[in-house]
Amino acid sequence: MDNFFPEGTRVWLKENGQHFPSTVNSCAEGVVVFQTDYGQVFTYKQSTITQQKVTPMHPMNEEGVDDMAALSELHGGSIMYNLFQRYKRNQIYTYIGSIIASVNPYQPIAGLYEHATMEQYSRRHLGELPPHIFAIANECYRCLWKRHDNQCVLISGESGAGKTESTKLILKFLSVISQQSLELSLKEKTSCVEQAILESSPIMEAFGNAKTVYNNNSSRFGKFVQLNICQKGNIQGGRIVDYLLEKNRVVRQNPGERNYHIFYALLAGLEHAEREEFYLSVPENYHYLNQSGCIEDKTISDQESFKEVITAMEVMQFSREEVREVLRLLAGILHLGNIEFITAGGAQVSFKTALGRSAELLGLDPTQLTDALTQRSMFLRGEEILTPLNVQQAVDSRDSLAMALYARCFEWVIKKINSRIKGKDDFKSIGILDIFGFENFEVNHFEQFNINYANEKLQEYFNKHIFSLEQLEYSREGLVWEDIDWIDNGECLDLIEKKLGLLALINEESHFPQATDSTLLEKLHNQHANNHFYVKPRVAVNNFGVKHYAGEVQYDVRGILEKNRDTFRDDLLNLLRESRFDFIYDLFEHVSSRNNQDTLKCGSKHRRPTVSSQFKDSLHSLMATLSSSNPFFVRCIKPNMQKQMHTHLDRGDQVRNQGRLFLAWSGQPVEEKLRLSPGSRQGGRV
Ligand SMILES: Nc1ncnc2c1ncn2[C@@H]1O[C@H](COP(=O)(O)OP(=O)(O)O)[C@@H](O)[C@H]1O
Ligand SMILES: [Mg+2]
């Protein structure tokens, strides 16, 4: 290349495989100094600079472009730079072909979501106004009539990127145009289901969201909200499907994180009389709330949320009695967590007050509760055998009770919401998917395995949809993809979900009472060691790895079988079924037990489904719904890791990756792979 760089030349500088928009600061005596737009300075000997290292930047619009498909150079760097230029001017939305990218502003932007804005977007076609989530929602709505099929919006992005906010904005927009359509058909009765659907958010967030280190209002479950729209255009009803609530959080939180919002809201907002009746005080006094060292957050008003959630429950027609039952159950869980044990010939309850209170609030007999927590009861040929538990086992029993109570209560709440918003589905539907993004932590457990499996499935859907469109376009233009293999993640999915795949083996082992996590690992290794997408660690550890589309993840097998079985001991289940309160009894009425003789005899068909097999089924049913729908994709992007507005996009690796990441919508660094055949059009559009 021409190794002369006049000062001020705009170039793309490639560092660690990524393109940085840069300016030549100086070029003298054979040394060139580059300054990136993100503030870093790099110095190179002029003679060492290759064409790969530095490419002249195509003159581009300093304002950035609305649709990145129009960028003359398309790579991770240019995408990121375009987002950055727009973000600086509070333009958080940008199209990239048929996808919309949304960069989290972490602060309200004046006028962005006002009623007038919604009106405006509802009257114009996609592309006529600046990019906006409302434009996507509007197009999605219009497509119901244009295309005569169901529509869906898939929202992806890492925790805290803005998925749940985007979901709510779409719901709000649809609710407004739904009501507009009602005005047109005057006498049409409104059930005000729109209002109910909007009010479901505060309830679901109170019970299913928590403060984490990534997001103060992090959804700890996935959800699919489906709206049924009638021919005339208004929302007739809806349905919410929830996925994989993080149960562990009820009993344990990482440092700096909190339990579910509802617990703090309860303590902050409850009236005096009920507070006394439930023996409640301040969060600092509860083990389930005080372990993580994080009780409050200045961005969260627990008192306000309490009011909000109670009002929402009223709108959703939860009866006063039902609300009370739920709150009492939550109080019962808090006291349960305070039960402590000491060793005295096996575990003994050392804090009787907490035991008495939780027994009372859960409608249980205190002696029976004590027994169930400190000894295991099993029936063998009609005879009861009691085994004393040690302190750790007693703590585990206590925690498993708390988790089961909370999880069942969450399900009950969702069911209740669904019964309120249920409506006719006589025309078409719009589904909105707000689901956890791909996760790869230091240690990954069963939860991450399921989450990443879901993401793998969604990526497959995305690939099929977007790349089949793209390919169509390219083949029409006579262009060929250089390397198309990477697009297909089918083999990795086969490894997970096909016959004798990882899921099948995990399930099989879960049904053997003698199986352990190590026998599982051995089976996995034996079956899949030679699979290209499976990673058997060289040294013997408790891990197996999977090469996902978004990168390799190591999973720790410890605890997988127990979590997958998800049964808690029969004697604990029986205890809850003896609750004086119908509410508690009803929650557990249909839970099948682990060692039920009948279920064992019936063979595999009637076995209680494991967590992963249920999840697989619900995922497949979701995919069937999505596959028969016309999709829209929203990619949420987090500008920095500080949960706040910054004047610029952070330039950590993480963020740089995002530009490339969202070429693949939800995952993979694909910059290099997007190249087309030599001589063909530069770059590709996703
Ligand atoms: N469009 C937006 N405008 C303003 N703030 C936003 C927007 N999207 C997200 N936020 C902020 O970011 C936080 C995290 O967003 P959230 O939707 O909960 O993330 P996710 O669901 O992806 O984990 C929100 O609580 C809000 O403060
Ligand atoms: Mg969320």
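**Figure 1. The largest nonpolar core of the predicted model.** This core holds 184 residues. Phe207, Phe263 and Phe544 have the most contacts inside it. Helix H13, spanning residues 391-421, is the top contributor, giving 15 residues. Domain 1 (10-57) and domain 2 (446-564 + 610-622) each supply at least three residues to this core. The structure shown here and in the legends below is a predicted model.

**Figure 2. A separate core of 10 residues.** Another core lies apart from the largest one. Among its 10 residues are Phe5, Val11, Val24 and Val32.

**Figure 3. Surroundings of Phe263.** Phe263 is one of the residues with the most contacts inside the largest nonpolar core. Leaving out residues up to four places away in sequence, Phe263 touches Val250, Leu289, Leu330, Ile333, Leu334 and Tyr406.

**Figure 4. Helix H6, mostly covered.** H6 runs over residues 261-269. Eight of its nine residues are buried. The buried stretch takes in His261, Ile262, Phe263, Tyr264, Ala265, Leu266 and Leu267. Gly269 is buried too.

**Figure 5. Helix H19 and its packing partners.** H19 covers residues 570-577 and is mostly covered, with six of its eight residues buried. Asp570 and Asp571 are buried, as are Leu572, Leu573, Leu575 and Leu576. The buried residues of H19 pack against two further helices, H12 (366-374) and H20 (582-589), as well as H13. Strand E15 (375-380) is also packed against them. Helix H13 is also the element that gives the most to the largest core.

**Figure 6. The magnesium site.** Thr164 and Ser219 are the protein donors of the magnesium ion, ligand 2. Thr164 donates through OG1 and Ser219 through OG, and these atoms lie 2.1 Å from the ion. The pair links distant parts of the chain, 55 residues apart. Thr164 sits in helix H4 (residues 163-184), while Ser219 belongs to strand E10 (residues 218-219). Both Thr164 and Ser219 are buried.

**Figure 7. Ligand 1 and its neighbours.** Ligand 1 is surrounded by 15 residues. The closest are Asn104, Tyr113, Gly160, Lys163 and Thr164. Thr164 is also a donor of the magnesium ion.

**Figure 8. Polar contacts of ligand 1.** The side chain of Tyr113 places a polar atom 2.8 Å from a nitrogen atom of ligand 1. Backbone atoms take part as well. A polar backbone atom of Gly160 is 2.6 Å from an oxygen atom of ligand 1. For Ala161, a polar backbone atom lies 3.3 Å from an oxygen atom of ligand 1.

Notes:
Residues are numbered from 1 along each chain as its sequence is written. Chains are lettered from A and ligands numbered from 1 in the order in which they are written. This is a predicted model: local features need pLDDT of at least 70, side-chain atom pairs count only at pLDDT 80 or more; totals for chains, interfaces and linings use all residues. Side-chain values use heavy atoms; hydrogens and water are left out. Donors are N, O and S atoms within 2.8 Å of the metal (3.2 Å for Na, K and Ca); water is not among the atoms, so sites may look incomplete. Helices (H or I, at least four residues) and strands (E, at least two) are DSSP runs, numbered from the N terminus. Buried means under 20% relative accessible area, exposed over 50%, partly exposed in between (1.4 Å probe, protein chains only). A nonpolar core is a set of buried Ala, Val, Leu, Ile, Met, Phe, Trp, Tyr and Cys residues joined through side-chain atoms within 4.5 Å. Domain bounds come from an automatic or database domain assignment. Contact means heavy atoms within 4.5 Å. A residue is near a molecule or strand if one of its heavy atoms lies within 4 Å of it. A polar contact is a pair of N or O atoms within 3.5 Å; within protein, one must be able to donate a hydrogen and the other to accept it, and residues adjacent in sequence count only if both atoms are side-chain atoms.
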